[in-house]
Amino acid sequence: MLEGVRQAQWLTKTKLVEGLPPSVLGIIDNPAHRLEEHEERVKQAVSHARLWDTREPAPRREHYCPVLFEDLIHICRLMSMKYPSLTKRMLSRNYKIAATWERESILLQVRGLNGILMNSMAPIPPVASKEEILATEAHVLETFYPISPTIDLQEVNVYKELNNTGFRDGYPYSHPHTLFFLESANVRTNRFRPEQLRAKMLMFAFGNALAKAKVLYGNDPKVLEQPIVVQSVGTDGQLFQFMVFQLNTTDLVSSDGIKNLVWVDSDQNLYEKAQCVPEVKKRVVTKPTGIYGFQPDTFKKFLALYLHGTV
Amino acid sequence: MAAPGGRRLLWTGRRWLSQAEPAVSPQPPDSFYPPIVASATAKSKAAKRRRLEHFKQRVHAAPSIEEKLRLYGLLQRPKYVVYPQTFALNADRWYRSFTKTVFVPGLPPRTASAAAKAPAATEVTAEAGTAPQPGAEAPAPARTAAAAAAAGAAPYLDVRELRALACDALLQESFYQHKRRPVLYRSQEHTPGPFLTQLVSSLAASLCGRNPLLAASSLDLKPEVNYYWHHGEEVVVHGHRKGRVDPVRFQIDDNPYLQIRVPKQLPEVVPLESDLGDVPVIDHKPSKLPLFKRQYENKVFIGSKVADPCCYGHTQFHLIPDKLKRERLVKANLEDQIEVVYRANGIASLFAWTAAQAMYQGFWSEADVTRPFVSQAVVTDGKYFAFFCYQLNTLALTVETIQNNPRKNICWGTESKPLYDVVEDGSVKGFNDEVLLQLVRFLLNRPKDL
């Protein structure tokens, strides 16, 4: 996507808000959750993924990015000791999403394998208040003339306008909670840049929310009484992007009216550098092996997004 | 050539070092001559013994575990590669003889040991109390009964919840999620693999309240476990070393599907010197199994490096590949080999894992373990589950060390039992609670003091 998040915003009729929403920030600031206890475990998880997991001295990104993600999710899952309702979550990998919508006479669709989805039995309550939703009516979507909003999108002949959440009816964990994107290609050019990663996260979060909305409320375009909230986290093993998306309306043909909302917290480093081999200058070890510049706030946000909706 | 007896020859001829010598030389004052020992470089048995001694001293004196492992696997020679998941007939007997393991059918009685420890603990607390009471005997059994009842009551409350978790995981992977058709000969990656990941991760999360060891554990997906050892002797058949007597070298390179590593060791099941059966003796060469030789790096690895604090193993989960499915073995008229596949996998993988854990603590074949290393494994093909528990009592399997070593490693194992009968129309038919409870008991295993 050339224009990144701006283009994704236009395509999904969304208003951007910087920073995480107050409900998530409330979980982070709440001292009752005691998020500081996990700092040691997170440091161990980072060291495990970046330093200790393979026999080679420095594991490659294809290896350490999924391992880091699995370790962080393992730590988050262990919180179900304190909050039993967290057991009502299920991860699913390799699932396919399909969502179609029209945007000013352009038919758009989101299809295919996207990332790892965490489903939950209970939906996340709406994050923005009614006033904020009504205030988006006044917001004007950014256009970037002369670039067309559909630049870099693949043109495909569609024979069936599909809307499919990826799961059959009757699935108990029917509400998409969080989408995880791992940019784990070894070569830098195969990975998405942070701006493009955020755009991808927005598009797929929107696709999941739209598919769910069409299942719940039918195919007619309308303003939703109960907005649907889908979160997403994207990482390349070091940098984290957090996003909370709220679908307020499925009426996407015109550019006026109520818009959807997205809160973005971008480029959060979990650690500055992982020294796999000690740096030696003139036969003296200047930098021993280890993780440098660890920032616990990033994991607190990760955990807060995980706990959002049940706490 | 990196030989085990490779020594650097000392330079003692230079004149101008003689001034430094009186301060450096550690010779005792009563002997004017250096000690008379066998040569280090001659082609003689005494020289070979001396080189071997020197190698053993080098490994004993290694400053760190990484250095010890590096020296242990320094010399590369052709070795038999042992595959835990193998189609070889009666492979479990062969693997038991390679690893000096006794197989005991059924799982070790854990409740008996827990009940035996409970009165001991209460007696200790009663004695350590303010005053020894003559009536201490009467309250102790009552306390143990109450403790056992409380411990027994708490897990049994939410069997339904655990069953719901397991059924949900199974249904999601096999019914609710839209998936493509399984790739040819890779149906294990399609449903049983994701189901196992889902099941273990959600069970571990829900049980971590009862088992603080799980709360500090580390879950690995598709880790690598390696171990290299010597066992027995053979004569080199061909090549420039023909005719020499060499130890038989083995290497296991295993890839369990899931692994839980913990920072504290699991308690021993039986004492270190127990003898629960016989180790099979096989007179044939290992290549008759069939087992093939290759020469590459001698690896010892538990799944993460020595610096990781979670250096002990808890449970491994193995997925039987498509090639060794039950239906294939039945079609080839090998029904009795179905259980052999599970047993061989359990024995070989657990031996490699426990032995590598012992090496990470500094033990090796010349420095035998002083405490038993216990780990568990679950081998499954998605529907049938077999449970194994392994206790490593000895690492001394080389020709010299095995002679006076009465210890044997012990492996307890069950037969494979189905977790469910069939999944149809969004419900699981014939769910077997016992298998699930056994899995839960495995996950709840922890040291006594936790």
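Let's start with a helix: in chain B, helix α11 (residues 337–360) lies across β4 and β5, running at about 100 degrees to β4(B). Keep in mind that this is a predicted model.

What is underneath that helix? Strands β4 and β5 of chain B belong to an open sheet of four strands, in the order β4-β5-β1-β7, with mixed pairing. In chain B, β4 (225–235) and β7 (293–294) sit at the edges with a single partner strand each, so one side of each is left without a neighbour in the sheet. For β4(B), nine bridges make the link to β5(B) (residues 245–254), and these two strands run antiparallel. If you'd like a spot to look for, find V235(B), which stands opposite V245(B) in β5(B).

Now hop over to strand β9 of chain B (residues 373–380). This one is mostly covered, with eight of its eight residues buried. In a regular strand, side chains alternate between the two faces of the sheet. Here, F373(B), S375(B), A377(B) and V379(B) point one way from β9(B), while V374(B), Q376(B), V378(B) and T380(B) point the other way, and all are buried.

Which strands does β9(B) pair with? One of them is β8(B) (residues 312–319), which runs parallel to β9(B) and is joined to it by five bridges; there, Q316(B) stands opposite A377(B). Another is β10(B) (residues 384–392), paired with β9(B) in the antiparallel sense over eight bridges. In this pairing, F373(B) has L392(B) as its bridge partner. Finally, the hairpin of β9(B) and β10(B) has three residues between the strands, and G382(B) takes a positive phi near 105 degrees in that hairpin.

Notes. Residues numbered from 1 in each chain as written. Chains lettered and ligands numbered in written order. Predicted model: local features only at pLDDT ≥ 70, side-chain atom pairs only at ≥ 80, totals over all residues. Heavy atoms only, no water. Pairing = 2+ DSSP bridges. Contact = heavy atoms within 4.5 Å. Axes fitted to C-alpha atoms, helices over the stretch in contact; angles between N-to-C directions. Buried < 20%, exposed > 50% of the residue type's maximum accessible area, 1.4 Å probe, protein only.
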